[in-house]
Amino acid sequence: MTADRHAVATPAAASTTVAAAVTVAGRVPLSACVIAFNEADRIGDCLASLSFCDEIVVVDSGSTDGTREVAQRAGARVLVRPFDGFRSQKQFAVDQCAHDWVLSLDADERVDARLRASIEAEREGGFARAAGYRFARMSEYYGRFLRHGTAYPDRVLRLFDRRRAGWRGDREIHEAVSVDGPVALLAGDLLHHPYRSFLQLLDKKQRYARMMAEHDFARGKRATLGKLVLAPAWRFFRGFVLKAGFLDGWPGLVESFVSANYVRQKTIMLWLLQNGQPLVDPPRTGQGDGSSL
């Protein structure tokens, strides 16, 4: 596969043809890859949880906080590539790996001990059961790891044979791996720390809502009054009641409200787009600060 035209400062990767034939102590070799941007405070724990992998590749999109240096000290091979979408960045990282079996993480995720044991057991068996593996992701919200509602088990497919799977398609937000072949479920959790502060979480949700609205609009989807009223209410009811989010107490209640608000924002933004209204500030010209009284 040819190098991505957006990649810069990229060290030469090992030949995947040669690396695929190499095993360590009889095991199938395993690469880990992580995408990052200004994650110096979190990426160290992520990479430490991947120490059982045969290599770690970090694709950084221009961090200014020392992320690359932290990753290099942890033994990762670091590449720099301008960010043009979550799916594209993750697939680029997969393509740079030396081995065909890949474990793909974000910098705010960690492999827990039980999941590591499950992965190593599959590797010892040559990953013979499947072309890809799912496992639960457990996220920390509002002071605790949530174990109910729409937050858990939130199963994700992150371990796969790149010859039969990858970050495919054209959706750059809420991206997912697709697999040509059987998929198996592993025990253990991928621990997720999705935000640093509540306001940062709200900003992140709003950004994701805009990206999804733009994606839906480009594909002909349209907002309706029914969707605006019913979709957020259903999201709250499904997470808090049907999926027992109430068992997580106040954090479960807050997360159900935040999740419902994400759906509401996405629908409003879709309606604005279909009516020719801007979602972000348009470029300004001229003197002054542009404010009005």
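## A guided tour, starting at a buried pair

Select Glu175 and Lys90 to begin: glutamate 175 is buried, and lysine 90 is buried too (buried is under 20% relative accessible area, exposed over 50%, and partly exposed in between, using a 1.4 Å probe on protein chains only). Their side chains form a salt bridge, with the closest N and O atoms 2.6 Å apart; a salt bridge here is a side-chain nitrogen of Lys or Arg within 4 Å of a carboxyl oxygen of Asp or Glu. Glutamate 175 sits in the loop between strand 9 (165-166) and strand 10 (178-179) and lysine 90 in helix 4 (residues 86-95), so the pair ties together parts that are 85 residues apart in sequence. Helices (H or I, at least four residues) and strands (E, at least two) are DSSP runs, numbered from the N terminus.

Before moving on, a word on the model: it is predicted, with local features needing pLDDT of at least 70 and side-chain atom pairs counting only at pLDDT 80 or more, while totals for chains, interfaces and linings use all residues. Residues are numbered from 1 along each chain as its sequence is written, and side-chain values use heavy atoms, with hydrogens and water left out.

**Stop 1: more salt bridges**

Side chains of opposite charge can pair when their charged atoms come close. How many salt bridges does a search of the whole structure find? The search gives 26.

Select Arg123 and Asp54 next. Arginine 123 and aspartate 54 form a salt bridge, their closest N and O atoms being 3.1 Å apart. Arginine 123 belongs to helix 5 (residues 113-124) and aspartate 54 to the loop between helix 2 (43-48) and strand 2 (55-60), so this pair ties together parts that are 69 residues apart in sequence. Colour by accessibility and look at each partner: arginine 123 is buried at 0% relative accessibility, while aspartate 54 is partly exposed at 29%.

Now shift to Glu55 and Arg77, whose side chains meet in a salt bridge at 3.5 Å, N to O. Glutamate 55 lies in strand 2 and arginine 77 in strand 3 (residues 77-80), so the pair ties together parts that are 22 residues apart in sequence. Glutamate 55 is buried, with a relative accessible area of 15%, and arginine 77 is buried as well, at 18%.

**Stop 2: strand 4 and its neighbours**

Select residues 101-106, which make up strand 4; six of its six residues are buried. In a regular strand the side chains alternate between the two faces of the sheet. Show the side chains here: Trp101, Leu103 and Leu105 point one way, and Val102, Ser104 and Asp106 the other way.

Add strand 1 (residues 30-36), which runs parallel to strand 4 and is joined to it by six bridges. Two strands pair if DSSP finds at least two bridges between them. Within this pairing, alanine 32 has leucine 103 as its bridge partner.

Then add strand 8 (residues 156-161), which is antiparallel to strand 4 and joined to it by three bridges. Here valine 102 is partnered by phenylalanine 160.

**Stop 3: strand 11**

Select residues 183-192, strand 11, together with strand 5 (residues 109-111): the two pair in the antiparallel sense over three bridges. Which residue of strand 11 stands opposite valine 111? Leucine 190 does.

Keep leucine 190 highlighted and bring in strand 6 (residues 132-141), which pairs with strand 11 in the parallel sense over seven bridges. Leucine 190 is also the bridge partner of arginine 137.

**Stop 4: glycine 166**

Centre on glycine 166 in strand 9. Glycine 166 is buried, with a relative accessible area of 2%. It touches Gln91, Phe160, Ala176, Val177 and Ser178, leaving aside residues up to four places away in sequence; contact means heavy atoms within 4.5 Å. Draw a distance between the C-alpha atoms of glycine 166 and glutamine 91: they are 6.7 Å apart, although the two residues are 75 residues apart along the chain.

**Stop 5: the lining of a cavity**

Finish with Gly149, Thr150, Gly252, Glu255 and Ser256, which lie nearest the centre of the largest cavity among its 13 lining residues. A cavity is a set of points, on a 1 Å grid over the protein atoms alone, where a 1.4 Å probe fits but cannot get out, and lining residues have an atom within 4 Å of a point. Select helix 8 (249-274) and helix 7 (225-242), the elements that give two or more residues to this lining. Helix 8 gives the most, with four residues.

Note on methods
1 Å grid on protein atoms, 1.4 Å probe; cavity = no way out; pocket = protein on both sides within 12 Å on 5 of 7 lines; lining within 4 Å.
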